[in-house]
Amino acid sequence: QHVLIGHAHNYDKNTRSVAKIRATCGQSLLSTDGKMWRRHRQLIQPAFERESLARFVPDMLDTVIPMLDRWSEVARTGQSVNVVSEMTRVTLRIAARCLFGTDIDQDADRVERCLEVILDDTWRRLESWVDWGQISTAFQSRSYRAAVEEIDQIVYRIITSRRKQDSAPDDLLSMLLRSHDTDNESGLDDQELRDACVTLLLAGHETTANALAWTCYLLSSAEPVETRLREELGQVLGGSHPEESAMQQLTYTNQVFAESIRMYPSIWIMERHVVADDEIAGHLIPAGSTLLISPFVLHRHPEFWPDCETFDPDRFVPQVARTRPPLSYLPFGAGPHQCVGQEMASLVA
């Protein structure tokens with residue numbers, strides 16, 4: 001409460017981890033603070049409200065159904081699937097399709113390959129004591145630089161083409177192109193659009209893929225939960241493909257996902273830089289230090305989560321959830337920097 005909401009102005013993103021992310025994502029919601037962050041949030045937020053995202057359900061289904069058909073064939077032959085790989089691929093394709101519409105179809109394989117290289121290299125640099133690439137781009141790995149350059153070529157080509165179209169597809173990129181500041185009527189320039197698109201592709205698919213992979217894992221070891229989930233899906237959907245309106249009725253399904261990201265939040269730790277000296281619960285928090293908040297640890301605090309290692313979606317029955325402090329559950333962060341993609345992640349799941 002103190003760090004993320006009450007005194008958020010004193011805890012910025014001038015951190016080691018964000019510096020490494022900025023190398024790929026540029027000046028985006030993930031990597032900025034202050035005036036620039038507020039401008040980007042104001043322009044991007046409307047595109048990620050649930051009413052705006054509902055139109056992408058058919059695109060999501062067009063991506064998911066072929067995967068499930070392939071899984072059925074694999075199951076019939078007794079083979080196995082790599083759930084992490086499958087979820088990474090399907091969520092990336094959903095994110096790219098929602099962002100760029102059919103313009104991305106011809107480049108989907110290239111984008112997937114490049115983002116895999118970029119993610120692997122970013123994690124390598126996050127785990128390294130010294131990141132020579134921050135000293136000079138000449139020290140960045142050749143494969144990383146090539147992947148970023150290829151992504152940039154694809155994204156800038158689509159942006160340039162879209163700006164020239166009189167009638168553009170109704171996707172997230174078009175919504176971002178139409179958004180303007182209320183004060184001076186300025187929209188996102190090409191560099192800002194590029195940074196937003198790359199951020200949404202990277203952050204939008206990797207975190208959701210992790211959440212879905214953990215959900216599959218948890219369901220595989222909780223037969224009563226899986227049975228209840230199947231029963232609700234059968235009753236609400238009746239064997240048909242889901243529409244956005246029906247998703248609101250899938251209460252137990254939503255509880256399953258909520259409990260999954262309680263146990264295994266995709267963002268398991270958040271880092272903040274302390275701007276000025278502060279005090280929390282009698283402890284001095286000195287300026288210039290780094291403060292860490294771990295949703296993974298918080299989601300296992302016994303005061304809020306009895307029997308915390310048990311997978312129990314009934315924790316999120318509304319009357320039960322209301323008994324807990326709101327910030328005992330932080331899968332999407334909190335305060336002004338709460339994840340802009342929360343509704344999209346829930347819709348995809």
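Let me start with a term: a cavity here is a set of grid points where a 1.4 Å probe fits but cannot get out, and its lining residues have an atom within 4 Å of a point. With that in hand, hello everyone, and please keep in mind that what we are looking at today is a predicted model.

So how many cavities of 30 Å³ or more does a search of the whole structure find? There are 2 of them. The largest has a volume of about 40 Å³. Around it you will find Thr91, Ile94, Ala95, Gly204, Thr208, Met344, Ala345 and Val348. The elements giving two or more residues to that lining are α6, α11 and α17. In character, the lining splits into 5 nonpolar residues, 3 polar ones and no charged ones.

The second largest cavity holds about 30 Å³ of space. Its lining is made of Val3, Leu4, Ala8, Tyr11, Arg272, Ala334 and His337. Here the division is 5 nonpolar, 1 polar and 1 charged.

Let's move on to the packing. The largest nonpolar core has 57 residues, and Phe48, Phe100, Leu172 and Leu201 are the ones with the most contacts inside it. Two or more residues each come from α3 (34-44), α5 (57-76), α6 (83-100), α7 (108-126), α9 (142-164), α10 (172-178), α11 and α17. Which element gives the most to this core? That would be α11, with 10 residues.

If you would like to zoom in on one core residue, try Phe100. Leaving aside residues up to four places away in sequence, Phe100 touches Val155, Ile158, Arg162, Asp171, Leu173, Cys197 and Leu201. Leu201, you may recall, is itself among the residues with the most contacts inside the core.

Next, have a look at helix α14, which covers residues 251-263. From first C-alpha to last, its 13 residues reach 19 Å, close to the 18 Å expected at 1.5 Å a residue. Is α14 mostly covered or mostly open? Mostly covered: 11 of its 13 residues are buried. The buried set includes Tyr252, Phe257 and Ile261, and also Glu259 and Arg262. What covers those buried residues includes α11 (190-220), α12 (223-237), α15 (295-298) and α17 (342-348).

Over on helix α7 we have Val117. Val117 counts as partly exposed because its relative accessible area is 28%, which falls between the 20% and 50% cut-offs. Beyond its neighbours up to four places away in sequence, Val117 touches Ser143, Tyr144 and Ala147. Compare Val117 with Ile44: they are 73 residues apart in sequence, and their C-alpha atoms are 26 Å apart in space.

I have saved two backbone details for the end. Most residues other than glycine have a negative phi. Ala281, however, has a positive phi of about 50°. You can find Ala281 in the loop between β3 (278-280) and β4 (283-285). Why does Ala281 count as exposed? Because its relative accessibility is 75%, and the exposed class starts over 50%.

The other case is Asp307, where phi is near 50°, again a positive value in a residue other than glycine. Asp307 sits in the loop between α15 and α16 (318-321). With a relative accessible area of 55%, Asp307 is exposed.

That's my tour, and thanks for listening!

Notes
Residues numbered from 1 in each chain as written. Predicted model: local features only at pLDDT ≥ 70, side-chain atom pairs only at ≥ 80, totals over all residues. Heavy atoms only, no water. Helix = DSSP H or I, 4+ residues; strand = E, 2+ residues; numbered from the N terminus. Expected span 1.5 Å × (residues − 1). Buried < 20%, exposed > 50% of the residue type's maximum accessible area, 1.4 Å probe, protein only. Contact = heavy atoms within 4.5 Å. Core = buried A, V, L, I, M, F, W, Y, C linked by side-chain atoms within 4.5 Å. 1 Å grid on protein atoms, 1.4 Å probe; cavity = no way out; pocket = protein on both sides within 12 Å on 5 of 7 lines; lining within 4 Å. Points joined across faces, edges and corners; volume = space filled by probe spheres on them. Nonpolar A, V, L, I, M, F, W, Y, C, P; charged D, E, K, R; others polar.
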